[in-house]
Amino acid sequence: MAAARLLLRLAGRLESVSFTQSVCGLLGAGQGPGPWYTHCSLERGQLVLSSNSFPGASERLPIQRPPFCPFAALDQQPGVSRTELLTDRGVDLGVAVILQSSDQTVLLTRRTCTLRISPNVWVPPGGHMELDEEILECGLRELREESGLQLPQKQFSCVLLGLWESAYPPRLSWGFPKYHHLIFYVLVMSQESQQQLQARIQVNPNEVSAFMWLGPDVAKAVAATEDGTETPRRLSQDLPPSLSATELKDNGGTRPLVLPVSTLMRTTPNTEENKERVSAGTKFALRLWLQHLGR
């Protein structure tokens, strides 16, 4: 078996995390909404987390999971049979890039409906972190592979925003989870404008079916929608009814897309369906981005 990508420092000892365990739960997350804070270090592709500071820790970051996290739900149901769960693997690592233009808008992409994980969902560019890959290295690679954007050296800066515990399927009511990731959200602040970046975007049609730029006002409304609740949120009269996006055509070209803002306000449904929406992790990342803008 490959070496564990994720280790937790618990009571002074390093312990690996199994696929079925909630990382947030092991770090002492309670029943509240979070986020909680964790100290972390990443060396040679191995991430170490602890609720307390430790030698070698380079960052203290917020960490969160959705209120319907299936691993947390399983912890509350010890009698449930887990024979369908993958027990021979650990937790994988991923990176997602919140790309901010000089106009203070951020790039989101809609995953194609044919992908196995989170089809038809709006997310920032990102993906699996390879062994021995640095966080920013991974994020810039995924940005390049998904959007075609290669940022000029010395024309951007970056900040680690936080960590998100991700599962797919995202709810236990959809079935047992088959994927378990801890996602680094990294803010990459470009010195180029939205128009300059937009002109260079050439998305990967195997992964991306549409893309758009989100400003702070709409991002604030989207980030405030509570996943895990059944109450639909009313649109503020200050928000536009729709946004301009770009969609890929079947022949490989692009066309304008008028996207209702109400689509972005949808929450994760109780039953499995590929309804277009913004992922719960992306809403968390948008909240962190807005906090950073506020500073």
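# Briefing: cysteines, strands, aromatic pairs and one helix

C69 is buried, with a relative accessible area of 2%. The sulfur of C69 lies 7.1 Å from the closest cysteine sulfur, which belongs to C24, and that is too far for a bond. The model is predicted, and a search of the whole structure finds zero disulfides. The points below take up the two cysteines, the strands around β3 and β4, the aromatic pairs, T246 and helix α3.

**Cysteines**

- A disulfide is a covalent bond between the sulfur atoms of two cysteines.
- The search of the whole structure returns zero disulfides, and C24 is accordingly in no disulfide, with the nearest cysteine sulfur, that of C69, 7.1 Å away.
- The pair C24 and C69 is not counted as a disulfide because the two sulfur atoms are 7.1 Å apart, whereas the cut-off is within 2.5 Å.
- C24 is buried at a relative accessible area of 1%, and C69 is buried at 2%.

**Strands β1, β3, β4, β5 and β10**

- Strand β4 covers residues 46-50 and is mostly covered, with four of its five residues buried.
- β4 pairs with strand β1 (residues 6-10) in the parallel sense, over three bridges; in this pairing V48 of β4 is the bridge partner of L7.
- β4 also pairs with strand β3 (residues 36-43), here in the antiparallel sense and over five bridges; C40 stands opposite L49 of β4.
- β3 and β4 form a hairpin with two residues between them. In the turn, R44 has a positive phi of about 50°.
- β3 is joined by five bridges to strand β5 (residues 59-64), and these two strands run antiparallel. The bridge partner of C40 in β5 is E59.
- C40 therefore has a bridge partner in β4, namely L49, and another in β5, namely E59, where strands count as paired if DSSP finds at least two bridges between them.
- β5 pairs in turn with strand β10 (residues 156-168), in the parallel sense and over two bridges. I63 stands opposite L163 of β10.

**Aromatic pairs**

- A pair of aromatic rings is described by the distance of the centres and the angle of the planes.
- The count comes to four aromatic pairs. One of them is F19 with F71, an edge-to-face pair at 5.6 Å centre to centre and 90° between the planes.
- This pair links distant parts of the chain: F19 is in the loop between β2 (13-16) and α1 (23-26), F71 is in helix α2 (residues 70-75), and the two are 52 residues apart.
- F19 counts as buried at 1% relative accessibility, and F71 counts as buried at 0%.
- W164 and F284 form a tilted pair, at 5.3 Å centre to centre and 35° between the planes.
- The W164 and F284 pair also links distant parts of the chain, with W164 in strand β10, F284 in helix α7 (residues 280-294) and their positions 120 residues apart.
- The W164 and F284 pair is called tilted because its angle of 35° is neither under 30 degrees, as for stacked, nor over 60, as for edge-to-face.
- W164 is buried, with a relative accessible area of 7%, and F284 is buried, with 1%.
- W164 and F284 belong to one aromatic cluster together with Y185.

**T246 in strand β13**

- T246 lies in strand β13, which covers residues 242-248.
- T246 is buried, with a relative accessible area of 14%; this value counts as buried because the cut-off is under 20%.
- The side chains of T246 and Q198 are joined by a polar contact of 3.4 Å.
- Leaving aside residues up to four places away in sequence, T246 touches Q198, A210, F211, T254, R255 and L257.

**Helix α3**

- Helix α3 covers residues 135-147, which makes 13 residues.
- From its first C-alpha to its last, α3 reaches 18 Å, close to the 18 Å expected at 1.5 Å a residue.
- The buried residues of α3 are I135, C138, G139, R141, E142, L143, E146 and S147.
- Just after α3, G148 takes a positive phi of about 80°.

Methods
Residues numbered from 1 in each chain as written. Predicted model: local features only at pLDDT ≥ 70, side-chain atom pairs only at ≥ 80, totals over all residues. Heavy atoms only, no water. Expected span 1.5 Å × (residues − 1). Buried < 20%, exposed > 50% of the residue type's maximum accessible area, 1.4 Å probe, protein only. Polar contact = N/O pair within 3.5 Å; in protein donor to acceptor, adjacent residues only side chain to side chain. Contact = heavy atoms within 4.5 Å. Phe/Tyr/Trp six-rings, centres within 6.5 Å; stacked < 30°, edge-to-face > 60°.
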